[in-house]
Amino acid sequence: MRSIRTCRELGAAIRQSRKDQGLTQAALAAKARVGRQWLSELETGKQTAEVGRVLWILDALDLNITLRAAVDSDPDNFDLNAYIDTWAD
């Protein structure tokens, strides 16, 4: 599971998944019913990308979004069992 916290990280994850599946930007854009230029901008971290279109792209790549609470980075408050539970799903 990959943690994504920025538009740039989301774009990079989408680009990597597209490449892993052997798809060109044009092929993925056609499959998801978006423009190739829009997909290119998304892959480079476009901050104003429409959520609905992002979901179309994720669906076309057979990906989904899972939300989870961020882990407290303070070592004195770190709960190993809670951290393991976040990855158990």
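**Briefing: helices, buried residues and a pocket**

V34 is buried, with a relative accessible area of 11%, and this residue sits in the loop between helix 2 (25-32) and helix 3 (36-43). The structure described here is a predicted model, and its protein chain has five helices and zero strands. Read from the N terminus on, the elements follow the order α-α-α-α-α. Of the 89 residues of the chain, 25% count as buried, and among the contacts with a separation of 6 or more, 47% join residues that are 24 or more positions apart.

**The loop between helix 2 and helix 3**

- Once neighbours within four places in sequence are left aside, V34 is in contact with A29, R53, W56 and I57.
- V34 and one of these partners, R53, are 19 residues apart in sequence, while their C-alpha atoms lie 7.2 Å apart in space.
- R33 also has its place in the loop between helix 2 and helix 3, but this residue is exposed, because its relative accessible area is 59% and exposed means over 50%.
- The phi of R33 is near 65°, which is a positive value in a residue other than glycine.

**Helix 1**

- The 14 residues of helix 1 should span 20 Å at 1.5 Å a residue, and the C-alpha atoms at its two ends are indeed 20 Å apart, so the expected and computed values agree.
- Which residues of helix 1 are buried? They are G11, A13, I14, S17 and R18, and they cover an arc of only 160° around the axis, which means that they lie on the same side of helix 1.
- An α-helix has 3.6 residues a turn, so residues three or four places apart point the same way.
- The exposed residues R8, K19 and D20 are carried on the face of helix 1 that is turned away from its buried side.
- The buried residues of helix 1 pack against helix 2, helix 3 and helix 4.
- After helix 1 comes G22, a residue whose phi is positive, near 70°.

**Two buried residues of helix 1**

- S17, which is found in helix 1, is buried because its relative accessible area is 11%, and buried means under 20%.
- Apart from neighbours within four places in sequence, S17 is in contact with L61 and L63.
- R18 also has its place in helix 1, and at 7% relative accessibility R18 counts as buried.
- With neighbours within four places in sequence again left aside, R18 is in contact with L23, T24, Q25, L28, L39, E43 and L61.

**Helix 3 and the residue after it**

- The residues W38, L39, S40, L42 and E43 are buried in helix 3, and two of these, L39 and E43, are among the contacts of R18.
- The cover over the buried residues of helix 3 includes helix 1, helix 2 and helix 4.
- Just after helix 3, G45 takes a positive phi of about 100°.

**The loop between helix 4 and helix 5**

- D62 is found in the loop between helix 4 and helix 5 (80-88), and at 68% relative accessibility D62 counts as exposed.
- Although D62 is not a glycine, this residue has a positive phi of about 55°.

**The largest pocket**

- Rolling a probe the size of a water molecule over the atoms shows where empty space is left.
- How much space lies in the largest pocket? The largest pocket holds about 850 Å³ of space.
- The lining of the largest pocket is made up of 28 residues, and those that lie nearest its centre are R2, S3, I4, I65 and T66.
- Helix 1 (7-20) and helix 4 (51-60) each supply at least two residues of this lining, and the largest share, five residues, comes from helix 1.
- Sorted by class, the lining of the largest pocket has 18 nonpolar, six polar and four charged residues.

Definitions and conventions: Residues are numbered from 1 along each chain as its sequence is written. This is a predicted model: local features need pLDDT of at least 70, side-chain atom pairs count only at pLDDT 80 or more; totals for chains, interfaces and linings use all residues. Side-chain values use heavy atoms; hydrogens and water are left out. On a 1 Å grid over the protein atoms alone, a cavity is a set of points where a 1.4 Å probe fits but cannot get out, and a pocket is an open set with protein on both sides within 12 Å along at least five of seven lines; lining residues have an atom within 4 Å of a point. Grid points are joined across faces, edges and corners, and a volume is the space filled by probe spheres set on the points. Helices (H or I, at least four residues) and strands (E, at least two) are DSSP runs, numbered from the N terminus. Ala, Val, Leu, Ile, Met, Phe, Trp, Tyr, Cys and Pro count as nonpolar, Asp, Glu, Lys and Arg as charged, and the others, Gly among them, as polar. Buried means under 20% relative accessible area, exposed over 50%, partly exposed in between (1.4 Å probe, protein chains only). Contact means heavy atoms within 4.5 Å. The expected span of a helix is 1.5 Å times one less than its number of residues. The arc is that of the directions from the helix axis to the C-beta atoms.
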